[in-house]
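The following questions and answers ask how the terms used for a protein structure are justified. Each answer sets a value beside the rule it has to satisfy.

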Amino acid sequence: MYTKSEAFYDAIYGTMKDYEREAQQIHAVIQQYKQSPGNELLDVACGTGAHIAFLRRDYTVEGLDFDEEMLAIARRRNPGVAFHHANMVDFDLGHTFDVVMCLFSSIGYTKTLPRMRQALQTMWRHLNPGGVLLIEPWLTPGRFEVGHLSATFVNQPDLKIARMNKAEVEGRLSIMNFHYLVATHAGIEHFTELHELGLFSHEEYLDAFGASGLDVVHDPDPEKLTGRGLYIGVAR
């Protein structure tokens, strides 16, 4: 997972994600499906809190992530917001929400089907009746392209980054060994990060939602978020 690139996360993904636009899309989905009366929102695997910066306009928000460096950035970006250091699979915050969301394919970091199902059950336990759970999935086994070459570049006056990867697979795990070349005024360094995400099928996502007591809708809209679809569960 992330071991050294947290400080560069926003620079890298700021080149490919429009967080304000995505927050507007999330808000529209919530308003369409949420049946509970409140506006308490939990962002699971919140990363650097970029979605929260916009969603806090309409919701009382909290964030949760397993990476302390990410949380430190999120806290600086969103003063006054509660952030929790915990694993998405088995966290227990002691209170419930009207919206729980886990975006940008973070659910893939559960790696195995039993852990993915456990994570959904954990999130469901944190929902009020009529609340909504939003999951943006990682790629399915049929959509993950083995051998795909990817490259991302950052070209700022005081920061240059090249990140490259060749996609591999082991069983139901997608393997991405990212190579970073980072240049700052302090010098140039190279490091790698190994990211492993579980490849779950559409049917497995639907079954996991149903097993968690959620009525699920799949929105495949390629114009929404990062184009990987969105699963929307409503707590019965």
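**Reasons behind the terms**

Q: What makes E6-E7-E8-E9 an open sheet, and what is the sense of the pairing?
A: In this predicted model, four strands form an open sheet in the order E6-E7-E8-E9, and their pairing is antiparallel. Strand E6 (149–156) and strand E9 (187–198) each have a single partner strand, so one side of each is left without a neighbour in the sheet, and these two stand at the edges. Direction ignored, neighbouring strands of this sheet are turned by 15° against each other on average.

Q: How do you know that E6 and strand E7 (residues 159–170) are paired?
A: Pairing requires at least two bridges between the strands. Eight bridges join E6 to E7, and the two run antiparallel, so the requirement is met. Two positions illustrate the pairing: Phe-153 stands opposite Ala-162 in E7, and Leu-149 has Lys-166 in E7 as its bridge partner. A hairpin of two residues joins E6 to E7.

Q: Why are strand E3 (82–85) and strand E10 (214–219) said to stand at the edges?
A: The open sheet of seven strands has the order E3-E2-E1-E4-E5-E11-E10, with mixed pairing. E3 and E10 each have a single partner strand, so one side of each is left without a neighbour in the sheet. From one strand to the next, the twist averages 20°.

Q: How do you know that E1 and strand E2 (residues 60–65) form a pair?
A: The rule asks for at least two bridges. E1 and E2 are joined over five bridges in the parallel sense, and the rule is therefore satisfied. One of the partnerships is that of Val-44 with Leu-64 in E2.

Q: Which strands does helix H4 (residues 68–77) touch, and what angle does its direction make with that of E3?
A: Helix H4 packs on the sheet and touches E2 and E3, and its direction makes about 175° with that of E3. Helix H2 (residues 19–33) lies across E1, E4, strand E5 (127–135), E10 and strand E11 (230–235), running at about 145° to E5.

Q: Why are helices H5 and H6 called oblique to each other?
A: Helix H5 (residues 113–125) and helix H6 (residues 202–211) pack at an angle of about 40°, with their axes 9 Å apart. Angles under 35 degrees count as roughly parallel and those of 65 to 115 as roughly perpendicular. The angle fits neither class, and H5 and H6 are therefore oblique. Their crossing is right-handed.

Q: What makes the contact between H5 and H6, and how do its residues divide?
A: H5 contributes Leu-113, Met-116, Arg-117, Leu-120 and Gln-121, while H6 contributes Glu-204, Tyr-205, Asp-207, Ala-208, Phe-209 and Ala-211. These residues divide into seven nonpolar, one polar and three charged.

Q: How do you know that Lys-4 and Glu-189 form a salt bridge?
A: The rule requires a side-chain nitrogen of Lys or Arg within 4 Å of a carboxyl oxygen of Asp or Glu. Between Lys-4 and Glu-189 the distance from N to O is 2.9 Å, so the pair qualifies. Lys-4 lies in the segment before helix H1 (9–13) and Glu-189 in strand E9, so the pair ties together parts that are 185 residues apart in sequence. By this rule the count comes to ten salt bridges.

Q: What is the phi of Ala-45, and what is notable about its sign?
A: Ala-45 has a positive phi of about 60° although it is not a glycine. Ala-45 is found in the loop between strand E1 (40–44) and helix H3 (52–55). Ser-105 also has a positive phi, near 65°, and is a residue other than glycine. The place of Ser-105 is in the loop between strand E4 (97–102) and H5.

Methods:
Residues are numbered from 1 along each chain as its sequence is written. This is a predicted model: local features need pLDDT of at least 70, side-chain atom pairs count only at pLDDT 80 or more; totals for chains, interfaces and linings use all residues. Side-chain values use heavy atoms; hydrogens and water are left out. Axes are lines fitted to C-alpha atoms, for helices over the stretch in contact, and angles run from 0 to 180 degrees between N-to-C directions. Angles under 35 degrees count as roughly parallel, over 145 as roughly antiparallel, 65 to 115 as roughly perpendicular and the rest as oblique. A crossing is left-handed if the near helix is turned anticlockwise from the far one by less than a right angle, and right-handed if clockwise. Contact means heavy atoms within 4.5 Å. Ala, Val, Leu, Ile, Met, Phe, Trp, Tyr, Cys and Pro count as nonpolar, Asp, Glu, Lys and Arg as charged, and the others, Gly among them, as polar.
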